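I opened this notebook to keep a record of what I looked up, entry by entry. Each entry starts from something I wanted to find out and ends with what I read off.

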Amino acid sequence: MGRKNRDLSYLKPFCFYCDKTFKNEVYLHQHQKAKHFTCQRCFKKFSSCDSLKNHVESAHHEVLTKIPNATGDRSDIKNKIFGMQGVPRVEIEKRIRKGAEEYWTKILSAQYQQRRKENKQRMKQNKEISKKENQQDVKIDNEKEEIEQHEYNPEAKPISFDLDYEQLQKQ
Ligand SMILES: [Zn+2]
Ligand SMILES: [Zn+2]
């Protein structure tokens, strides 16, 4: 179950500021208060970046320019996030697309490996039978090629989900 949860974590609420995933938005918001809306001078917690900004100005006479503990561009004070509110839709779409690609590639690769294993076992059995029957292995080699041609090969053909963002935004 734990593994499954991790695989589908791209569908869960996530922190825009640091990219961590959460079980629900209540936990996400608790995290944001503790990590991103906490005053770095006096460690008071706030429920939004605006209230933290106001506090820093009035209590410490400083200007808050960056969201504490946020990564890269995400630390911009203009990113006003509350849980999942304010997260740009395009960022959510990107995350879902990447997660779905990884998820299905993993599943299809596992299926591919399993079928390869089964085919190998079957060929081994066939070989033993044909040895017993004193036949040549030519027939089996042909069969092997046929099987491989019809198998899904994740390395040869990566899966891609091409979302039309313009079209999605019109909907
Ligand atoms: Zn975070
Ligand atoms: Zn403070």
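The entries below go from the whole chain to its helices, then to the core and to single residues.

**Entry 1: the whole chain**

I note at the outset that I am working with a predicted model. I counted six helices and zero strands in the chain, and reading along the sequence I wrote the pattern down as α-α-α-α-α-α. I then looked up burial, and found that 8% of the 171 residues of the chain count as buried. For the contacts between residues at least 6 apart in sequence, I noted that 50% join residues at least 24 apart.

**Entry 2: the annotated stretch**

I checked the UniProt record, an unreviewed entry, which places the feature "domain: C2H2-type" at residues 37-60. Over residues 37-60 I found the chain to be 50% helix and 0% strand, with the end C-alpha atoms 15 Å apart.

**Entry 3: helix H2**

Which residues of helix H2 are buried? I looked along residues 25-35, which make up H2, and listed Leu28, His29 and Gln32 as the buried ones. Seen down the axis of H2, these buried residues fall within an arc of 95°, so they line one face of the helix. Turning to the face of H2 that points away from the buried side, I found the exposed residues Val26 and Ala34.

I then took Leu28, which has its place in helix H2, as a residue to follow up. Leu28 has 22 other C-beta atoms within 10 Å and is buried, because the cut-off for that class is 20 or more. Leaving out residues up to four places away in sequence, I recorded that Leu28 touches Pro13, Cys15, Phe22 and Gly83. I also noted a separation of 9.9 Å between the C-alpha atoms of Leu28 and Phe16, which are twelve residues apart along the chain.

**Entry 4: helix H3**

I wanted to know whether the length of helix H3 fits its residue count, and I worked through it as follows. At 1.5 Å a residue, the twelve residues of H3 (residues 49-60) should span 16 Å, and the end C-alpha atoms are 16 Å apart, which agrees.

For burial in H3, I listed Cys49, Leu52 and Val56 as its buried residues. They cover an arc of only 55° around the axis, which puts them on the same side of H3. On the other side of H3, I found Glu57 and Ser58 to be exposed.

Two more residues of H3 went into this entry. Val56 touches Cys39, Glu62 and Leu64, again not counting residues up to four places away in sequence. Ser51 has its place in helix H3 and counts as partly exposed, with 13 C-beta neighbours inside 10 Å. The C-alpha atoms of Ser51 and Phe37 are separated by 8.2 Å, although the two residues are 14 residues apart along the chain.

**Entry 5: the nonpolar core**

Which residues make up the largest nonpolar core? I wrote down eleven residues: Cys15, Phe16, Tyr17, Leu28, Phe37, Cys49, Leu52, Val56, Ile67, Ala70 and Ile81. H3 gives the most to this core, with three residues. I marked Leu28, followed up in Entry 3, as one of the members of this core.

**Entry 6: the loop between H3 and H4**

What follows H3 along the chain? I found His61 there, with a positive phi near 55°, and I remarked that His61 has this positive value although it is not a glycine. His61 lies in the loop between H3 and H4, and I recorded it as exposed, with 7 other C-beta atoms within 10 Å.

Asn69 is found in the loop between H3 and H4, and it has a positive phi of about 60° although it is not a glycine. Asn69 counts as partly exposed, with 16 C-beta neighbours inside 10 Å.

Is Gly72 buried or exposed? I located Gly72 in the loop between H3 and helix H4 (89-132), and with 8 other C-beta atoms within 10 Å I entered Gly72 as exposed. My last reading was for the C-alpha atoms of Gly72 and Cys18, which are separated by 9.0 Å while the residues lie 54 residues apart along the chain.

Technical notes. Residues numbered from 1 in each chain as written. Chains lettered and ligands numbered in written order. Predicted model: local features only at pLDDT ≥ 70, side-chain atom pairs only at ≥ 80, totals over all residues. Buried ≥ 20, exposed ≤ 12 C-beta atoms within 10 Å, placed from the backbone. Helix = DSSP H or I, 4+ residues; strand = E, 2+ residues; numbered from the N terminus. Arc of directions from axis to C-beta. Expected span 1.5 Å × (residues − 1). UniProt positions renumbered as here; feature names shortened; annotations may be inferred. Contact = placed C-beta atoms within 7 Å. Core = buried A, V, L, I, M, F, W, Y, C linked by C-beta atoms within 7 Å.
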